[in-house]
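Here is a short briefing on one protein model. Keep the sequence and the 3D view open as you read.

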Amino acid sequence: MSADTSLDRYSRQMRFYGIGEEGQRRLLASHVTLCGCGALGTVLANALVRAGVGHLRLIDRDFIETSNLQRQVLFDEHDVAENLPKAEAAARKLSAINSSVHVEPVVTDIDRTNILDLVKDADLVLDGTDNFEVRYLINDAAVKLGKPWVYGGCIGSHGQTMTILPGETPCLRCVFEAAPAPGEAGTCETAGVLGPVVNIIASLQATEAIKILTGRRDAISRDLVYLDVWENTYRRIKVAPLLGKVDCPCCGRRRFEWLEGKHGTHTTSLCGRNAVQVAHRSATRLNFEELARHLQVHGEVSYNRFLLKFTADGHEFTVFPDGRAIIKGTSDVDRARALYAKYVGH
Ligand SMILES: [Zn+2]
């Protein structure tokens, strides 16, 4: 296949005046890290793989449930039945969509110990997560390493997005200095979320990604964009004047407090799930065969290469090879830690 034929699939995109063949070649050579492969993440991954990014690292800690299918566009009922982690299931779909893109699924919880490694070789970092802790970690890492990133968030019928070019535009902490206190912001449990608003916000993020990766910085949005699809509102909030005007701990004083562990937790209650993630990191991968044998006295245990499931004390446990577990049927972090210690150990 000649180089020209390999570009055929992108012909409509290259015909667009803002991209052209040169822009397409830049896209094909680009490396993107996408944090989170849920609602925003699946729309972002789909758009970027079809557009022809070179390498997409897809990071997600979770597995797929039926209630995800309303908005997480890359997944289907077979993925739920197969108990697949989101990153793995998404990578399989994406490879069938465009086999020339190198998709790298990473099933892990993003935290201060691994974020720098996960983004250091990326040209761009994308926020497809649903929590502020990871966003502030991305912000710290991106500002520290001087990498562009695109923030996005949705709840109910509204969402917002902002592009951060370190040193050139305000960072996330210039605009939102601290994460909302627990219970202060709505959650997907209390407010729900509509599929269409997720698609719109992620599509805006994907467009910003394409502008950055093709070198069209002149076209990048310098505003915080807020929209509500139910209330029919669209607002552009001018944040550019904040750069250098606010005393930002991150991009101003270069104090990376989230990376340093001054904020954040390890064991977290999962939004809308009546579940807790116990992030006990194991240095060696868990031996599922052995763990299953030990747990069989409590009831039925099932496992595959990616996760192990069992039920005990009325709680459903999902354990990952790196030692993490998601425990359903409680939102009490201490109770979840105790259950973990009782059944999984360490
Ligand atoms: Zn800042």
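The notes below cover a metal site, two loop residues and two unusual backbone angles.

This is a predicted model, in which local features need pLDDT of at least 70 and side-chain atom pairs count only at pLDDT 80 or more, while totals for chains, interfaces and linings use all residues. Residues are numbered from 1 along each chain as its sequence is written, and side-chain values use heavy atoms, with hydrogens and water left out.

Helices (H or I, at least four residues) and strands (E, at least two) are DSSP runs, numbered from the N terminus. Buried means under 20% relative accessible area, exposed over 50%, and partly exposed in between (1.4 Å probe, protein chains only).

**The zinc site**

- Four sulfur donors, the SG atoms of Cys-171, Cys-174, Cys-248 and Cys-251, coordinate the zinc ion at 2.2 to 2.3 Å.
- Donors are N, O and S atoms within 2.8 Å of the metal (3.2 Å for Na, K and Ca); water is not among the atoms, so sites may look incomplete.
- The site is tetrahedral, with angles of 93 to 123° among the four donor atoms. Four donors earn that label if all angles lie between 85 and 135 degrees.
- Along the sequence, the donor residues follow the spacing C-x2-C-x73-C-x2-C.
- Distant parts of the chain are linked here: Cys-171 sits in the loop between strand E6 (158-164) and helix H9 (172-175), and Cys-251, 80 residues apart from it, in the loop between strand E8 (233-238) and strand E9 (268-270).
- Cys-171 counts as buried because its relative accessibility is 1%. Cys-251 has 23%, so it counts as partly exposed.

**Asn-114**

- Asn-114 lies in the loop between strand E3 (102-107) and helix H7 (115-119).
- Its relative accessibility is 12%, so Asn-114 counts as buried.
- A polar atom of the Asn-114 side chain lies 2.8 Å from the backbone nitrogen of Asp-111.
- Leu-259 is 145 residues apart from Asn-114 along the chain, yet their C-alpha atoms are separated by 9.7 Å.

**Arg-71**

- Look for Arg-71 in the loop between strand E2 (55-60) and helix H5 (77-81).
- Arg-71 is buried but has no salt bridge (a side-chain nitrogen of Lys or Arg within 4 Å of a carboxyl oxygen of Asp or Glu).
- The nearest side chain of opposite charge is Asp-130, 6.9 Å away. Lys and Arg count as positive and Asp and Glu as negative; His and the chain ends are not counted.

**Positive phi angles**

- Asn-83, not a glycine, has a positive phi of about 55°. Asn-83 is in the loop between H5 and helix H6 (86-97).
- Arg-254, not a glycine, has a positive phi of about 50°. Arg-254 is in the loop between E8 and E9.

Conventions
A polar contact is a pair of N or O atoms within 3.5 Å; within protein, one must be able to donate a hydrogen and the other to accept it, and residues adjacent in sequence count only if both atoms are side-chain atoms. Four donors count as tetrahedral if all angles lie between 85 and 135 degrees; four count as square planar and six as octahedral if opposite donors are over 155 degrees apart and all others between 65 and 115; anything else is irregular.
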